[in-house]
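Visitor: Could you take me through one part of this fold, close up? I'd like to see how the pieces sit against each other.

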Amino acid sequence: MGIEEISCECPAPLPLLSLNHVSFVCRSVRISVRFYEEVLGFVPIKRPSSFNFNGAWLFNYGIGIHLLESNKMEDIAQQQQVINPKDNHISFQCSDMGLVKRNLEEMGIKYVTAVVEEGGIKVDQLFFHDPDGYMIEICNCDNLPVLPLSACPLKPKESNLKIQSSKSPLILPLNEKERSFKAVGCGVMENLMMESLSMNMLNMSF
């Protein structure tokens, strides 16, 4: 009796390249722009003039923040009084958590902290709200190695190295190198993860 071979193929994901932007509906574009500029170090950039509503585009750290102003309360997230680390949030990597805390305290921005430990490695997390109650996290999550769980076979992918210089009053990038991968078929994220894992293993070997 023969054994039937069952082939399992990973479905091809969308041909994505990178995260482009995150978008927030806000009560006041002016107030939100000032926050993302002065606190997080984003830079206002040109926005298409064809839009018929008030808004703003900002950019830094390889991603954009798009703000859309609305006077309808139902369009805007409920203002949160309690800072809950389990809320939806965007997260930024930094190189000096102590400096982040001091800067936030000088700006009068309330925050809460947490520590995650895995295999003797500690990751510091810090959470606070923007003017409309959207959650922001600052962390040194790069301390943890990225370990893929997927069983998809790894495939070599072409990569381009881009270097962007950024200066910020609060966020200090751990490094300024971004890798952009062409997403074709299965294994793109695994390649990125394995590269990170390999570098961590090399660093631990010496």
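Guide: Let's start with a pair: S91, in strand 5, has E137 in strand 8 as its bridge partner. Before going on, a word on where this comes from: it's a predicted model, where local features need pLDDT of at least 70 and side-chain atom pairs count only at pLDDT 80 or more, while totals for chains, interfaces and linings use all residues. Residues are numbered from 1 along each chain as its sequence is written, and side-chain values use heavy atoms, with hydrogens and water left out. Helices (H or I, at least four residues) and strands (E, at least two) are DSSP runs, numbered from the N terminus.

One place along from S91, F92 stands opposite I138 in strand 8. Strands 5 and 8 run parallel and are joined by 5 bridges; two strands count as paired if DSSP finds at least two bridges between them. The side chains of strand 5 (residues 89-93) alternate: I90 and F92 point to one face and are buried, while H89, S91 and Q93 point to the other and aren't. Buried here is under 20% relative accessible area, exposed is over 50%, and partly exposed is in between (1.4 Å probe, protein chains only).

Zooming out a bit, 4 strands make an open sheet in the order 5-8-7-6, with mixed pairing. Strand 5 and strand 6 (112-118) are the edges, each pairing on one side only. From one strand to the next, the twist averages 25 degrees; axes are lines fitted to C-alpha atoms, for helices over the stretch in contact, and angles run from 0 to 180 degrees between N-to-C directions.

Back to E137: its side chain makes a polar contact of 3.0 Å with that of Q125, which is found in strand 7. (Polar contact: N or O atoms within 3.5 Å; within protein, one must be able to donate a hydrogen and the other to accept it, and residues adjacent in sequence count only if both atoms are side-chain atoms.) Q125 is buried, at 16% relative accessible area. Skipping residues up to four places away in sequence, Q125 touches, among others, M97, E137 and I138, where contact means heavy atoms within 4.5 Å.

M97 takes us to helix 2 (residues 97-107), where M97, V100, N103 and L104 are buried. Seen down the axis, those buried residues fall within an arc of 125 degrees, so they line one face of the helix; the arc is that of the directions from the helix axis to the C-beta atoms. Strand 7 (121-129) and strand 8 (135-139) are among what covers them. Helix 2 lies across strands 6, 7 and 8, at about 20 degrees to strand 7. At its N-terminal end, D96 is the cap, with a side-chain oxygen 3.1 Å from the backbone nitrogen of G98. Just after the helix, G108 has a positive phi of about 75 degrees.

I138 turns up once more: it's one of the residues with the most contacts inside the largest nonpolar core, which has 28 residues. Such a core is a set of buried Ala, Val, Leu, Ile, Met, Phe, Trp, Tyr and Cys residues joined through side-chain atoms within 4.5 Å. Elements including strand 5, helix 2, strand 7 and strand 8 each supply at least two of its residues, though the largest share, 4 residues, comes from helix 1.
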